[in-house]
Amino acid sequence: MEALSSIPTAPDSRPLQGFYSHVANDVDDQAISLTGWRQMYDQLTPGRFTGSIQELWVGGMQIFLESTSHVLRQSCVVDSESWWFGIPMQTSAGCRLGSSSIAEGMIAMRPGRSQFELLTPKGFQILGLVVPSCDLERHIHALNQSSVLPRAMQSHLLKVGEDQRLRLQGLVQQILHEASSAPAILVNPTSSESIRIAVLDALADICS
């Protein structure tokens with residue numbers, strides 16, 4: 001954790017509402033381009049790196065798609081009181097969370113302010129959700145599923161089944177597509193709240 005503590009969250013000038021995209025030609029640039037994270041990336045295979053991030057902030061929630069070209073070791077911390085859920089787009093391609101492979105039907109899950117390490121293969125894409133802890137706990141409580149989150153917190157990999165993982169993946173992809181093609185929906189409070197509730201419902205479902 002000490003190695004990441006001196007790295008500022010980036011970019012801290014962005015308002016936490018709206019859709020952003022970034023293209024990187026340097027692995028260090030990629031590492032610091034995800035808002036609200038402290039990260040260091042080590043490129044483990046030779047060649048010219050390319051990467052990109054599509055990032056959406058809505059209702060205090062972060063939704064993103066990250067693409068990277070080379071094998072990477074990523075040291076990561078979400079710099080907020082939140083939960084991160086990671087959905088690799090290629091679950092059979094050798095992605096690891098710590099010492100554990102993220103296999104089919106699995107979703108990664110880590111609390112904010114807790115350092116973790118990812119090993120990602122070449123040509124990799126991952127969808128991410130960062131949700132305030134209080135929002136997720138409040139939503140699960142409202143659904144009368146108060147015992148769900150404590151059980152889920154005991155594991156860093158949620159075994160949800162491939163069909164359920166694909167449903168969540170499809171929801172996240174749809175939200176990012178709509179936000180990038182019609183950004184006006186983000187200034188509509190009804191649309192923004194619909195996105196927020198849809199994500200919380202989906203996360204409550206996988207945690208159960």
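Start by selecting Ala24 in this predicted model. Beyond its neighbours within four places in sequence, Ala24 is in contact with Asp29, Gln30, Phe49, Thr50 and Gly51, so show those side chains too. Ala24 is found in strand 1, residues 18-24. Is Ala24 buried or exposed? With a relative accessible area of 0%, Ala24 is buried. For a distance label, draw a line from the C-alpha of Ala24 to that of Ser67: the two lie 43 residues apart in sequence and 9.9 Å apart in space.

Next, keep Phe49 on screen and add Leu72, which touches Phe49. Set aside residues up to four places away in sequence, and the other residues that Leu72 touches are Val27, Tyr41, Asp42, Gln43, Leu44, Leu118, Leu119 and Thr120. Leu72 sits in strand 5, residues 72-78, and is buried, its relative accessible area being 0%. Label Leu118 as well: its C-alpha is 7.9 Å from that of Leu72, across 46 residues of sequence.

Now move to the helices. Select residues 162-181 for helix 5 and residues 189-207 for helix 6. Their axes come within 11 Å and cross at roughly 165°. Because angles over 145 degrees count as such, helix 5 is roughly antiparallel to helix 6. The crossing of helix 5 past helix 6 is left-handed.

Which residues make the contact? From helix 5, pick Gln164, Leu168, Leu171 and Ile175; from helix 6, pick Ile195, Ala198, Val199, Ala202, Leu203, Asp205 and Ile206. Colour the contact by residue class and you should find 9 nonpolar, 1 polar and 1 charged.

Conventions: Residues numbered from 1 in each chain as written. Predicted model: local features only at pLDDT ≥ 70, side-chain atom pairs only at ≥ 80, totals over all residues. Heavy atoms only, no water. Axes fitted to C-alpha atoms, helices over the stretch in contact; angles between N-to-C directions. Helix = DSSP H or I, 4+ residues; strand = E, 2+ residues; numbered from the N terminus. Parallel < 35°, antiparallel > 145°, perpendicular 65-115°, else oblique. Left-handed = near helix turned anticlockwise from the far one by under 90°. Contact = heavy atoms within 4.5 Å. Nonpolar A, V, L, I, M, F, W, Y, C, P; charged D, E, K, R; others polar. Buried < 20%, exposed > 50% of the residue type's maximum accessible area, 1.4 Å probe, protein only.
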